[in-house]
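Colleague: I would like a close look at one part of this model, taken slowly and with the side chains in view.

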Amino acid sequence: MMFGSVPLTGFAQGFIPVVSYNFGWGNSDRVRQCFRISVTVMFFFNFILMLFMILFPGVLASFFTDDPDLVAQVKHMAPLFLAGSVIFGMQRACQNTFIALGEARISLFIALLRKVILLVPFAFILPRFFNVEGVYLAESFADAIAAICCITIFAVVFPKILRKGA
């Protein structure tokens, strides 16, 4: 996850000030343009990286261990764990845009939605149906549902924020 998360965080740290500055000046066209660029870059970077990690988990695991049993476990569990992360780049772009627009509470809600409100219950419920794989699926379910919720909230709230202005 850190292979995808750290570069996304770095990219977000670069675009947040640009969005904030333009929002402060009331340049909503530039804010929209910056968001389009950031969501495109973050989505495709994350999507391609996660897809590679899902399709070739053994390659990644072999960078860190020579143990064939551990590599076999990673091959089995990594796709389950990472499946929901393929759209995570869009969530990160939306969340960081909320921060740039002074809506940190919405961003915090989405973070809590993903890691507390969804992940914790899924981690308790899904193993009852999928055994140990359920723990790994919990992450995927939480990531996918939180990303869809975030994108939906963003689609509704972003135009209102821009109309309201800084």
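Does Glu139 count as buried or exposed, and at what relative accessibility?

Modeller: In this predicted model, Glu139 has a relative accessibility of 7%, and because the cut-off for buried is under 20%, Glu139 counts as buried. Its side chain meets that of Lys115 in a salt bridge, with N and O 2.7 Å apart, and this pair links distant parts of the chain, since Lys115 sits in helix α6 and Glu139 in helix α7, 24 residues apart. Lys115, for its part, is partly exposed, with a relative accessible area of 34%. The pair does not stand alone, for salt bridges that share partners join Arg114, Lys115, Glu139 and Asp143 into one network.

Helix α7 also carries Lys164, which forms a salt bridge with Glu103 at 3.9 Å between the closest N and O atoms; Glu103 lies in the loop between α5 and α6, 61 residues from Lys164. Here Lys164 is exposed, at 63% relative accessible area, whereas Glu103 counts as buried, at 17%.

The same helix, α7 (residues 133–164), packs against helix α2 (residues 28–55) at an angle of about 155°, with the axes 10 Å apart, and the two are therefore roughly antiparallel. Their contact is made by Ser28, Val31, Arg32 and Phe35 of α2 together with Phe154, Phe158 and Leu162 of α7, which by class gives 5 nonpolar, 1 polar and 1 charged residues. Arg32 also takes part in a salt bridge with Asp29, at 3.4 Å from N to O.

Terms used
Residues numbered from 1 in each chain as written. Predicted model: local features only at pLDDT ≥ 70, side-chain atom pairs only at ≥ 80, totals over all residues. Heavy atoms only, no water. Axes fitted to C-alpha atoms, helices over the stretch in contact; angles between N-to-C directions. Helix = DSSP H or I, 4+ residues; strand = E, 2+ residues; numbered from the N terminus. Parallel < 35°, antiparallel > 145°, perpendicular 65-115°, else oblique. Contact = heavy atoms within 4.5 Å. Nonpolar A, V, L, I, M, F, W, Y, C, P; charged D, E, K, R; others polar. Salt bridge = Lys/Arg side-chain N within 4 Å of Asp/Glu carboxyl O. Buried < 20%, exposed > 50% of the residue type's maximum accessible area, 1.4 Å probe, protein only.
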